[in-house]
Amino acid sequence: MTLDEVTPDQECEVIDVITEDVIGQRLLDMGFIPGVRVRAVRNAPLVDPVEFLLKGYHISLRHSEAKKIEVKLL
Amino acid sequence: MSSKPDKIVVALVGQPNSGKSTIFNMLTGARQHIANYPGVTVEKKSGFFHQDGICIEPVDLPGTYSLTSYTEEERIARDFLLTESPSVVVDVMDASNLERSLYLLFQVAEMGIPIVVNLNMMDVAEKRGYKINTERLSHQLGVSVISTVGNKGRGKDKLKQAILESSKKVDAVPFHISYGDALEPILNSLEKRLSEDSGLSQRYPLRWLAVKLMENDEEAQRAVRRYSNENDQILAFVEEKTADFIQKHKKSPKKVIAVSRHSNAQKIIETSLLREKEFTRTLTDKIDSAVCNRFSGPVILAATIYTMYNLAIVQGYKITTYTWPLLAWSRDIVALLLPPEGFVFDPFIRSISLWVVDGTIAVLNYIPIFLILFALIAILEDTGYMARMAFILDRIFRHFGLHGQSVLPMIIGGLYVGGCAVPGVMACRAMKDEKAKMATIMIMPLMNCLAKIPFYVLMIGIFFAAYRGIAMFFIATITLIIALSIAKILNLTVLKKKLSAPFVMEMPPYHMPTVRGVLSRCLERTWLFVKKIITIVIAVSAVVYALLYLPGLSEERKIQFITQGNQAQQNFFNKIGRDNPYAGLITGDNLNKFSAYWNDYRKAKMGAGSQEAMEAIDQKFRTKDPEFFKIVKRGKYETKGRLIRDKQAKDVYNAYKELDKTRNRLRREQNEEIIIASFMGRTGRFIEPLTQWAGFNWRINIALISAFAAKENSVATLGGIYQSSSGEQKTLEERIKEKEGGWTPLHALAIMLFMAMYPPCIPTLMMIHLETASTKWMLFATFYPIVLGIIISILVFTGGNLLGLSGFQAMIAFYILALILLISMGLIRRETEFT
C-alpha cells in the first residue's frame, strides 16, 4: 500500500520512495527512507493534505505526494 | 571574490526553524546589512563582529533541508559556499532535531570548508528530555561543537571563539561519510578522474562534485560541461556507472546516497544522544487539534485573516492620516524651493519636480502599512501558523494553480472590497512555490484595491441605484471569480515552465516569537523596500509625466491662454479700481503670493472640523499676513476687539473670487488640452474605434488612461473632463448623465468591469518588479489586465447590445458566464511537473 491510504492514528513503516524526481528527492531529504516509522496525525479540514509524524517532527504531504511512498502497516 | 586578509567571511547554514536568524542576530548585533542576492528575491544578510581584533563577517544563507539544486534557496546557499569560499561554515542545528540536521551537515562537510557545529535551542532540547554528549559528537565529527541558546544569548562567546579558531585550520582534513561498499569504489574512481581535469579540480571540491554527479544533479552536470575539457567523457562515465549500479542493485545511486546520509546520522546519534523520555508535542498537538480541526480551523483562520486585514489595511490607513501631513510638509518645502507658480502655466521644472515628488510621497505614504504588515507576517512565520494556513487552504487554491499561502496576499490586496496591492504583492514573499507565487502576484491587479472603490460607488450611484446592494456584491465577487480563473489560465500558459515546489512542508512546533526578531525583520524589509523603490519611482513617474504632458501646447495656443489670463487680471484690477488701498498690495509678484495665500487658506478651512479649529486657522493666517487676511475674510475682521466691515477689502474679495474661477478654468482647460494632445491622449483617440465596442468614447479613454498615474484620481479625472461650466452647482453624477446622455447602464457596467481589471498603480508595479526581479513580468502585469479588461468590456457591451439585455440583465448573465468559466477551470487537471 502507499502512504496516502494510511488513515489518522495508523502507524506504518516506509518500504520505498517510488519516484526519482523532485518529490522523490524532497521526500528522501525529509527522512522518508526505508525502515522509518511514520504515523498519520490528521487530515486538513478538506481531507487533503495530510499531516504525518516521523522521527519526532511533523510533515504535511498532499495525497498525490504521499502516493509516492510505499509503506506497510504496523 | 576573495576576502581581504584582515576579514574572515563566515557562512551560516542550517535547516528552516533551527533558529539560524537568532544566531545571526546574536553574533552581529545591530551591525547588519541586508540586500537581495543578484537576480533573485531571496534576502542576503551579512554583518560583522570583532574577535581578538579580527573582523569577522557572518553571512546568513537561506535555511534549507538539503543542498540539491531543486530550489532557489538551496542553489543560493550552495553557490555561496562554492564560489565565495568562506573561511568557516557554521552549521546551526536545532538540538532537538539532531538526526535530520546531520543530514545537511554531511553535505556541507563534503564541500571541504572548515566547519563549526552549533547546537542551538539547547534549552528546548533539554526540556524535551534530550541529553547530547557534545564532546563525543565533536570527536565523531572531527569539528568543534558549540551549544547555544540563541534567543537568550547563551554560548555567544564560545561560538565566536570557535569560529576564529576554525578559520585558522586551513589544512584541516574535512570528514566525510561513507556511502557504502557498493558506491564508494565508484565515487573514488570518479573523484580520481575529476582530479585529472584542471578546469574542475581548481574550482570544485572533488568529493562533493563526484557525489553530486552520482546524484544526477543538474547543476553539477552543467559545471562539468562548462569547465571541463573532456566533459563528454566524464558525463558518459557517470552515466555508465549509474546504469551499472541500477542494474546491479535495483536502486538509483541517488537513493542510496540519501539513505546512507540518514543511516550515518542515526549511527552518530545512537552514541551521542540520550533520550531520557519519549517526547510528544503535547502543547503543539493540543493547539493543532483546534487550529487544524474541520470546524474550528476555518473559523480561527478567518479570524486571523480578518485581524491581519484590519490591523494592516484599516488601522494602517488610519495611521497614514497622521503621517501624511509630514510628507505633505516635505512636498511644500520642495515647492518653496522651486520657481513659483505662474498664473496659467507653471514652469516646466516646477511641474515635473512636483509630479515626481507626488509619486514618491504616494509610495512613502504606505510605510505605516508596510511596518504593520511585515511585523504581522513575521509573527505568523515565527509562530508556525503560516504553515497551518497553507495546510488548511491548500485544497481549494491548488485547483487554480495557487497555493494555500496565496490567500493572505489576496485578502490584503482586496479580495472582497478595499485592500492594497502593494502590501499584497509583498506578502507573497513568504511563498516557496515559485509557480504559485508568480500566479498570486499576477492576479493581484485584479483585486479590489481601495482606490477603485470611489469609482464603483460613483458608477453604481448613477446607473444601478435601484440595485445598489446587488451591484456592489457583483463587483466585489466577480473580481475573485475572474482572478481565480486567470490564475489557472496563466498556470496553463505563461507560467507553465515555472518551477513548482512539492507541497512537502514541515509543520514546526508552535513557538513564541521574540519582539526583537519580529521588529528587526519588519524594519529590515521596510528599509530594503524603501531604498529600492525610491529610485525606480522617480524614473517611472518622470516617464509617465512625459507621456501625459508632452509635447505640450503649440506656441499659438499658449499665447492665447496667456492673453486670456492677462485679460482676466486686467479685468480684476479694473474692477477693484486704482483707489482701492489693497490694489498696491496685490500687484506684480504679490498677486502670486496672494494666490498662494488664498489657496492655502481655503484648503485649511476645508480641512477644519470644528469651530475652534476654524479660529485657530484664522489666527495663524492673521499672523502670516494681516493685510491679506482682511481680504480673505471678505472685509469682516476684528481689530482691537472691534468688528470692522471693510468695504474695500470685500470688493477685492469678490473680484478675486471671479479671477480665481477664471484662472482655475484656464488651468484646467490647458491641462486637458495638453493631455489630449499628449502621447497618451492621442492613444485614447486612436483606440476609439476599438473601444467603442466596449462603449468607451475617447473622453472615457483618456480618463482611463490618465488614471494610470494614480487610480485614486479616476473620479477626479472624470470630474475634470466632465467639468461644470461656470460654477453650476451640479454633482459629478448629474454632469456625467447630462454630457453622456446616451449612456445606459450597459455602458456603466462595461466601464466598471474595465476598472475592476485595471492595471496596477506605479507603486504596485515597482513592488512586482522587486518581488519577481524581472522587468518582463512587471510589463506583463501592466498589459495583460488592459487586454483582459477590453475583452471583457467588449463582451459585455457588444454582447449585451446584440442580445438586447439591460445593464442589470447583462450583469447577471456575465456573472453566470464567469462562474461557468471558474468551475471549468477548476476541473482542468494537470499533472504537476516539477522539472
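**Notebook: helix 14 of chain B, its neighbours, and the contact with chain A**

I began with helix 14 of chain B, where B:Leu327, B:Ser330, B:Arg331, B:Val334 and B:Ala335 meet B:Ser353, B:Leu354, B:Val357, B:Asp358, B:Ile361 and B:Leu364 of helix 15 of chain B. I sorted the residues of this contact by character and obtained 7 nonpolar, 2 polar and 2 charged. I note here that the model is predicted, and that local features were taken up only where pLDDT is at least 70.

I then looked up the geometry of this pair: the axes of helix 14 (residues 296-337) and helix 15 (residues 348-364) of chain B come within 10 Å and cross at roughly 165 degrees. Because angles over 145 degrees count as roughly antiparallel, I entered helix 14 of chain B as roughly antiparallel to helix 15 of chain B. The crossing of these two helices is right-handed.

Next I turned to helix 17 of chain B, whose axis comes within 11 Å of that of helix 14 of chain B, with a crossing of roughly 120 degrees. That angle makes helix 14 of chain B oblique to helix 17 of chain B, and I recorded the crossing as left-handed. On the helix 14 side of chain B the residues are B:Gly297, B:Pro298, B:Leu301 and B:Thr304, and they meet B:Tyr385, B:Met389 and B:Ile392 of helix 17 of chain B. I found 5 nonpolar and 2 polar residues in this contact, and no charged ones.

**Between the chains**

I asked how many residues each chain gives to the contact, and the result was 32 residues from chain B and 29 residues from chain A. On the chain B side, helix 3 (98-109), helix 12 (253-272), helix 14, helix 17 (385-398) and strand 11 each supply at least two residues. The residues of chain B that touch chain A divide into 17 nonpolar, 7 polar and 8 charged.

Strand 11 of chain B led me to the sheet, which is open, has 6 strands in the order 5(A)-1(A)-2(A)-3(A)-4(A)-11(B), and pairs in the antiparallel sense. Its edge strands are strand 5 (69-73) of chain A and strand 11 (505-506) of chain B, each of which pairs on one side only. Where the sheet passes from one chain to the other, strand 4 (residues 57-61) of chain A is joined by 2 bridges to strand 11 of chain B, and the two run antiparallel; here I located A:Ser60 opposite B:Met505. Within chain A, I looked up strand 1 (residues 11-17) and strand 2 (residues 37-44), an antiparallel pair with 3 bridges, in which A:Glu13 stands opposite A:Arg37 of strand 2 of chain A.

**Domains of chain B**

The domain assignment of chain B gives domain 1 (8-168), domain 2 (184-275) and domain 3 (555-669). I took the first two of these further: the centres of domain 1 and domain 2 of chain B, over C-alpha atoms, are separated by 24 Å, and 20 residues of domain 1 of chain B are in contact with 20 residues of domain 2 of chain B.

Which elements give two or more residues to the side of domain 1 of chain B that touches domain 2 of chain B? I found helix 2 (72-83), helix 3, strand 8 (130-132) and helix 5 (134-141) of chain B, with the largest share, 5 residues, coming from helix 3 of chain B. This side of domain 1 of chain B divides into 9 nonpolar, 6 polar and 5 charged residues.

Methods: Residues numbered from 1 in each chain as written. Chains lettered and ligands numbered in written order. Predicted model: local features only at pLDDT ≥ 70, side-chain atom pairs only at ≥ 80, totals over all residues. Axes fitted to C-alpha atoms, helices over the stretch in contact; angles between N-to-C directions. Helix = DSSP H or I, 4+ residues; strand = E, 2+ residues; numbered from the N terminus. Parallel < 35°, antiparallel > 145°, perpendicular 65-115°, else oblique. Left-handed = near helix turned anticlockwise from the far one by under 90°. Contact = placed C-beta atoms within 7 Å. Nonpolar A, V, L, I, M, F, W, Y, C, P; charged D, E, K, R; others polar. Pairing = 2+ DSSP bridges. Domains from an automatic or database assignment.
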